[in-house]
Amino acid sequence: MASTLEDLRAQARGQVVAPDDPDYDEARAVYNAMIDRRPAVVVRAAATADVVAAVNHARENRLAVAVRGGGHSVPGFGTVDDGVVIDLSAMREVTVDPGSKTARALGGATWGDFNDATNAHGLATTGGIISTTGVGGLSLGGGIGYLARGAGLSCDNLVSAEVVTADGQTVTASGNEHEDLYWALRGGGGNFGVATSLEFRLHPVADIYGGPMFFEVADAGDVLRWFRDFIVDAPEEFGGFPAWQIAPPLPFIPEDRHGDTFLAFVACWAGPIGQGEQMLKPLHDVAPVVAEHVGPMPYPALNSAFDGLVPPGLQHYWKANFVKELTDDAIAAHLEHGPGVPVVNSTVHIYPINGACHRVASDETAFAYRDATFATVIAGMWPDPADNEKHTAWVRDYYDATAPLSEPGGYVNFMAQDDQARIRDNYKGNYDRLVEVKRAYDPDNLFRVNQNIAP
Ligand SMILES: Cc1cc2nc3c(=O)[nH]c(=O)nc-3n(C[C@H](O)[C@H](O)[C@H](O)COP(=O)(O)OP(=O)(O)OC[C@H]3O[C@@H](n4cnc5c(N)ncnc54)[C@H](O)[C@@H]3O)c2cc1C
């Protein structure tokens with residue numbers, strides 16, 4: 001007999017929220033306010049056993065599963081109509097082993113949780129640039145951030161994971177157990193099961209030297225050309241990215257420039273702090289800096305510095321591309337569309353993913369684009385649903401101008417709901433092997449609420 005809601009309630013230690021529950025609306029909401037889905041049940045898992053019960057319930061009742069870690073998925077993969085949401089956000093403990101330089105995060109931890117725990121030991125690994133993003137979703141899709149050029153992608157630092165698979169088994173995936181699953185998890189996203197814990201390699205990073213710098217739009221071409229040339233063989237401790245940004249009302253920005261549009265550069269030097277100022281000098285020499293908030297700070301401080309620009313409850317529509325070479329034509333397209341960034345929350349980031357990311361072979365993990373130098377995200381984020389048409393049009397126009405100058409694939413974690421047709425392109429030569437692993441671990445596609453690799 002298939003598991004009933006009563007069975008699920010009896011088995012789970014965490015809360016089981018059904019549509020008639022007073023907490024239902026809160027439990028079904030995700031970060032992107034455009035997403036409005038009505039799951040059959042939300043399981044707020046307290047432990048791995050709850051995840052097993054929820055997976056079994058979904059499989060036995062032929063319901064789709066949506067796994068929610070940090071809930072940041074722009075297409076809203078953390079929820080699903082008529083299916084089972086497994087909400088991991090109560091499972092967020094992070095345990096650090098400074099001796100082996102590793103940390104284990106439960107499946108619902110955020111990068112804020114992770115960085116605070118590891119920074120206490122002067123250690124870090126590559127994570128995202130916002131502290132409220134989930135470790136699970138970000139690292140399983142790849143994981144791009146300030147430390148990537150030196151430490152590799154987040155998924156390159158994944159040492160092992162505890163995974164609940166579609167048949168309700170709990171397995172460990174690592175270099176010597178379930179190696180095929182371990183390979184697929186590093187870039188393949190949430191397609192293969194629920195990662196209830198993830199173990200990462202850490203690197204000695206405590207304080208960094210960096211922060212945001214604002215350049216006039218008139219100087220943006222010079223800054224982008226400098227970035228393109230400098231990043232090719234810049235020291236790998238140098239991370240950071242250019243970003244179109246409307247100036248928020250922050251004290252370090254002259255008051256009469258609040259609301260003006262700039263090309264910002266967010267820098268992060270993770271080498272010896274004393275070298276930081278000198279490392280950023282060439283950038284200062286490119287053009288006058290209108291405002292900056294640059295200096296030494298703990299790595300978690302930079303990781304949470306922009307959280308205020310992206311509170312939960314905004315509308316989101318994003319597009320993404322990998323780029324091998326930022327040609328003059330590509331820069332011209334950025335200069336045409338970037339200054340039109342319509343609202344303070346929206347932005348475009350051009351992340352460098354060379355250095356250590358390139359030292360991993362394209363078939364060594366599921367993340368295939370090891371020859372791309374940049375990952376671009378055009379991130380539309382705005383508060384008022386009445387503006388949906390205007391803001392999605394800005395993202396689409398920008399994307400249409402840059403896509404022909406980019407690779408066919410993009411980073412799965414920056415892609416939109418309407419990008420499912422690009423999945424094969426995102427994984428290039430790794431796609432067929434991913435399908436094989438999917439067939440082995442999830443032949444009925446229970447985990448299909450994601451950038452889906454169909455079995
Ligand atoms: C404000 C913001 C900033 C971002 N910054 C960055 C950045 O700097 N670098 C970067 O690389 N990406 C970044 N992203 C993109 C981010 O990587 C994706 O949105 C990612 O999917 C978020 O993971 P999550 O756990 O928060 O999301 P969720 O919505 O909870 O999950 C997203 C996907 O991952 C799967 N998933 C999540 N946790 C698990 C788990 N434990 N086991 C199995 N599957 C799981 C889900 O099934 C779903 O398909 C950002 C996104 C936002 C909204």
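How many salt bridges does the structure hold? The structure holds 25 of them, and this briefing visits a few before turning to the ligand and a pocket. Keep in mind as you look around that this is a predicted model. One general idea helps with the first topic: side chains of opposite charge can pair when their charged atoms come close.

**Salt bridges between separate parts of the chain**

- Start with Arg-370 and Asp-156, a salt bridge in which the closest N and O atoms are 2.7 Å apart.
- This pair links distant parts of the chain, 214 residues apart. You will find Arg-370 in the loop between β16 (347-352) and β17 (374-382), while Asp-156 sits in the loop between α6 (148-151) and β7 (158-164).
- Are Arg-370 and Asp-156 buried or exposed? Both Arg-370 and Asp-156 are buried.
- Next, look at Glu-216 and Arg-257, whose side chains meet in a salt bridge at 2.9 Å, N to O.
- Glu-216 belongs to strand β10 (residues 207-216) and Arg-257 to the loop between β11 (238-246) and β12 (261-269), so this salt bridge ties together parts that are 41 residues apart in sequence.
- Glu-216 has a relative accessible area of 26%, so it is partly exposed. Arg-257 counts as buried because its relative accessibility is 18%, under the 20% cut-off.

**A neighbouring pair and a network**

- Arg-228 and Asp-229 form another salt bridge, with 3.3 Å between the closest N and O atoms.
- Arg-228 is buried, as its relative accessible area is 18%.
- Which residues are linked in a network of salt bridges? They are Lys-319, Arg-396, Asp-418, Asp-419 and Arg-422.

**Around the ligand**

- The ligand is surrounded by 33 residues, and the closest are Gly-69, Gly-71, Ile-144, Ala-195 and Tyr-411.
- Gly-69 also has a polar backbone atom 2.5 Å from an oxygen atom of the ligand.
- For Val-67, a polar backbone atom lies 3.1 Å from a ligand oxygen atom.
- Gly-137 has a backbone N or O atom at 3.2 Å from an oxygen atom of the ligand.

**The second largest pocket**

- The second largest pocket holds about 380 Å³ of space.
- Its lining is made up of 21 residues, and those nearest the centre of the pocket are Tyr-31, Gly-70, Gly-71, Ser-89 and Pro-312.
- Sorted by class, the lining of this pocket has eight polar, seven nonpolar and six charged residues.
- Gly-71 is worth finding on screen: it is among the residues closest to the ligand, and it is also one of those nearest the centre of the second largest pocket.

Methods:
Residues numbered from 1 in each chain as written. Predicted model: local features only at pLDDT ≥ 70, side-chain atom pairs only at ≥ 80, totals over all residues. Heavy atoms only, no water. 1 Å grid on protein atoms, 1.4 Å probe; cavity = no way out; pocket = protein on both sides within 12 Å on 5 of 7 lines; lining within 4 Å. Points joined across faces, edges and corners; volume = space filled by probe spheres on them. Nonpolar A, V, L, I, M, F, W, Y, C, P; charged D, E, K, R; others polar. Salt bridge = Lys/Arg side-chain N within 4 Å of Asp/Glu carboxyl O. Helix = DSSP H or I, 4+ residues; strand = E, 2+ residues; numbered from the N terminus. Buried < 20%, exposed > 50% of the residue type's maximum accessible area, 1.4 Å probe, protein only. Near = heavy atom within 4 Å. Polar contact = N/O pair within 3.5 Å; in protein donor to acceptor, adjacent residues only side chain to side chain.
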